[in-house]
Amino acid sequence: MEYSLFSKPKELFIDLVNPRDYVQIDSVSHMYQNLKVSVQKPLKMVLLYGKPGTGKSMLLQKLNHDLSKHQKVFMVNIPIIDEDDFLRVLAQNLFGYQSEEPLTLTRFLEYTALVEHDNIPIVLLDEAQLYSSTLMEKIRLISDTRTLKFVITLHKTDDEDVIAKEHFQTRIWESIELQNATPEELKIYIQKKLLKANCFDVANMINDKNIQLITKLTRGNYRETNKLMFSLFGLYEWFEKNSPGKIKYNELRKKYIEMAAIHTGLIRA
Ligand SMILES: Nc1ncnc2c1ncn2[C@@H]1O[C@H](COP(=O)(O)OP(=O)(O)OP(=O)(O)O)[C@@H](O)[C@H]1O
Ligand SMILES: [Mg+2]
């Protein structure tokens, strides 16, 4: 394939969650530190919530990555909706339970009773809004025994306040809310991603006005920003190949950002 200045930047913004790609943004790092402290407290559950694309899965993955070095952690990326499967998979991963037989809560609690108090395993559940209230109730019963600790993420939408749901409300936990980025934070996010991958020329093209526009279009949402930047660098790749005279290397063209926004559905054409 022909060399393009924009291929690598484009790849950087593929919407994937990998703790190795974690970017330090002050407010997020601050929350991450709080999260790490909360996890070590004698709390039963810690809740991470926020709108889609604000980085909940990313923080949970990072927590998994960092904690695994020192203690037993099990992360459930895709919710295990079936209640029997849930307990069995947990027991298989935490206690070496071998059988494929479903496990009752009573049997499961027999396993947890053997957990040593100074070494409580941590279970990370992504997308907890997808668990049924009966399963959440079981999770609560398990955490009440203080033999397992749960960190869960909840996807917050505008029209439905999941936290208000009864089974999330009455639990003893600490909650941390993730937000969309401010322009300053989005600038750091984009620049750090590019600089980490040595894309200095492209990083230099992005000025504050560009950032303002990108923030306005994406509302500072990390996922929307990924999509927009991916599409934008794809566009630049095309121009570089087909019409290189059109590219200005001292800034991102407003028109191209808007074209990318139309392409990703952020602007309706
Ligand atoms: N601190 C960060 N460092 C690097 N990338 C990040 C960071 N925060 C978010 N992202 C990126 O933003 C995208 C969206 O984040 P993530 O998938 O974690 O959101 P989410 O809150 O879990 O969304 P949903 O509610 O839809 O599951 C991911 O592709 C991730 O790579
Ligand atoms: Mg997620």
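1. E127 is partly exposed, since 17 other C-beta atoms lie within 10 Å of its own, and a residue counts as buried at 20 or more and as exposed at 12 or fewer. E127 sits in the loop between β3 and α6 (133-144). The phi angle of E127 is near 60°, which is a positive value in a residue other than glycine. Most residues other than glycine have a negative phi. Please keep in mind that this is a predicted model.

2. N198 can be read alongside E127. The phi of N198 is also near 60°, again a positive value in a residue other than glycine. N198 is located in the loop between α8 (183-196) and α9 (200-205). Is N198 buried or exposed? N198 counts as exposed, because 9 C-beta neighbours are found inside 10 Å.

3. Next, the strand that precedes the loop of E127. Strand β3 covers residues 122-125. I122 and L124 point one way from β3, V123 and L125 point the other way, and all of these residues are buried. In a regular strand the side chains alternate between the two faces of the sheet.

4. Which strands pair with β3? One of them is strand β2 (residues 73-76), which pairs with β3 in the parallel sense over four bridges. Within that pairing, M75 stands opposite L124 in β3. Strand β4 (residues 149-155) pairs with β3 as well, in the parallel sense and over four bridges. Here F150 in β4 is the bridge partner of V123.

5. Two of the residues just named return in the nonpolar core. The largest nonpolar core holds 60 residues, and those that touch the most other members are L48, L124, F150, V151 and I152. Helix α11 gives the most to this core, with seven residues. The core lies between domain 1 (7-18 + 182-263) and domain 2 (26-178), because both domains give residues to it.

6. L48 deserves a point of its own. What is L48 in contact with, leaving aside its neighbours within four places in sequence? The contacts of L48 are L35, K56, L59, L60, V151, T153, I176 and L178. One of these, V151, is also listed among the core residues that touch the most other members.

7. The two domains should be described together. The domain assignment gives domain 1 as 7-18 + 182-263 and domain 2 as 26-178, so a reader should note that domain 1 is written as two segments. Taken over C-alpha atoms, the centres of the two domains are 35 Å apart. Six residues from domain 1 and eight residues from domain 2 take part in the contact. On the side of domain 1 that touches domain 2, the largest share is three residues, from helix α11 (residues 222-242). By class, that side has two nonpolar, one polar and three charged residues.

8. Last, the ligand. Which residues come nearest to ligand 1? Of the 20 residues around ligand 1, they are P52, G55, K56, S57 and Y222. The elements that give two or more residues to this shell are α3 (56-67) and α11. K56 is therefore a link between two points of this note: it is one of the residues nearest ligand 1 and one of the contacts of L48. By class, the shell has nine nonpolar, seven polar and four charged residues. Domain 1 (7-18 + 182-263) and domain 2 (26-178) each supply at least three residues to the shell around ligand 1.

Technical notes
Residues are numbered from 1 along each chain as its sequence is written. Chains are lettered from A and ligands numbered from 1 in the order in which they are written. This is a predicted model: local features need pLDDT of at least 70, side-chain atom pairs count only at pLDDT 80 or more; totals for chains, interfaces and linings use all residues. Two residues are in contact if their C-beta atoms, placed from the backbone, lie within 7 Å. Ala, Val, Leu, Ile, Met, Phe, Trp, Tyr, Cys and Pro count as nonpolar, Asp, Glu, Lys and Arg as charged, and the others, Gly among them, as polar. A nonpolar core is a set of buried Ala, Val, Leu, Ile, Met, Phe, Trp, Tyr and Cys residues joined through C-beta atoms within 7 Å. A residue is near a molecule or strand if its C-beta atom, placed from the backbone, lies within 6 Å of it. Two strands pair if DSSP finds at least two bridges between them.
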